[in-house]
Amino acid sequence: MNVKVKACKVCSKEKPLSEFYKDKKMADGHRNECKVCRKAKIAKWQQENPERRKVTVKEWANNNPEKKRAIRKAHSERFPEKQKAREVALYAIRSGKLIRGPCEICGATKVQAHHEDYSKPLDVNWLCIRHHIERHVEKRKEERIAKDNKNRNNLSRQGQSLRN
Ligand SMILES: [Zn+2]
Ligand SMILES: [Zn+2]
Ligand SMILES: [Zn+2]
């Protein structure tokens, strides 16, 4: 079989076409730089443009709805209580039991339901997307600190029992 090869314009190595990302705009339907070089370039670009990365992730999600759905599904399978809380809250909103309010921090009207505790699905904080993300960043930080403290306590307890 005749495997088509192509020289990467960045690293100059000859590689089979499968080592190049597809690009309809190119004459042979593939990019001129190999996957390895392309990945390196993207990684470098993301490092240099951290704030633009978010836009790209969003664009990617818009262009790949089924992949995004698969990721979300995997996520909800890993965090069933989170998914459950979301469903209960959504149902309560639809049936009028739960009424959307403005963002608790900035008053924006486009809000999402945030659960401080997933075991209380109707205990909801209304936050705009930006403040919702911020809250989760904060929460993750708090959880990390709590975990560190617990580890430290365990260590000092161990130390004590050694001394006793
Ligand atoms: Zn290359
Ligand atoms: Zn807000
Ligand atoms: Zn939340």
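Two residues are in contact if their C-beta atoms, placed from the backbone, lie within 7 Å. The views below show a predicted model.

**View 1. The contacts of Leu-127.** Leaving aside residues up to four places away in sequence, Leu-127 touches Cys-103, Glu-104 and Ile-105. Val-111, Gln-112 and His-114 also touch Leu-127. His-132 and Arg-135 complete the set.

**View 2. The largest nonpolar core.** Eight residues form this core. Leu-127 is one of them, and so are Cys-103 and Val-111. The others are Ala-85, Ala-89, Ala-113, Val-124 and Trp-126. Three elements each give two or more residues to the core: α4 (80-94), β5 (111-115) and β6 (124-128). The top contributor is β6, with three residues. In soluble globular proteins, nonpolar side chains tend to be buried together.

**View 3. The order of the elements.** The chain holds six strands and five helices. Along the sequence, the pattern runs β-β-β-β-α-α-α-α-β-β-α. The radius of gyration is 24 Å, well over the 15 Å that the globule rule gives for 164 residues, so the chain is more spread out than a compact globule.

**View 4. The extent of the chain.** Taken along the principal axes, the C-alpha atoms fill a box of roughly 65 × 60 × 35 Å. Of the 164 residues, 8% are buried.

**View 5. Contacts across the sequence.** Here, the contacts considered join residues at least 6 apart in sequence. Of these, 29% link residues at least 24 apart.

Notes. Residues numbered from 1 in each chain as written. Chains lettered and ligands numbered in written order. Predicted model: local features only at pLDDT ≥ 70, side-chain atom pairs only at ≥ 80, totals over all residues. Helix = DSSP H or I, 4+ residues; strand = E, 2+ residues; numbered from the N terminus. Rg over C-alpha atoms; globule rule 2.2 N^0.38 Å. Buried ≥ 20, exposed ≤ 12 C-beta atoms within 10 Å, placed from the backbone. Core = buried A, V, L, I, M, F, W, Y, C linked by C-beta atoms within 7 Å.
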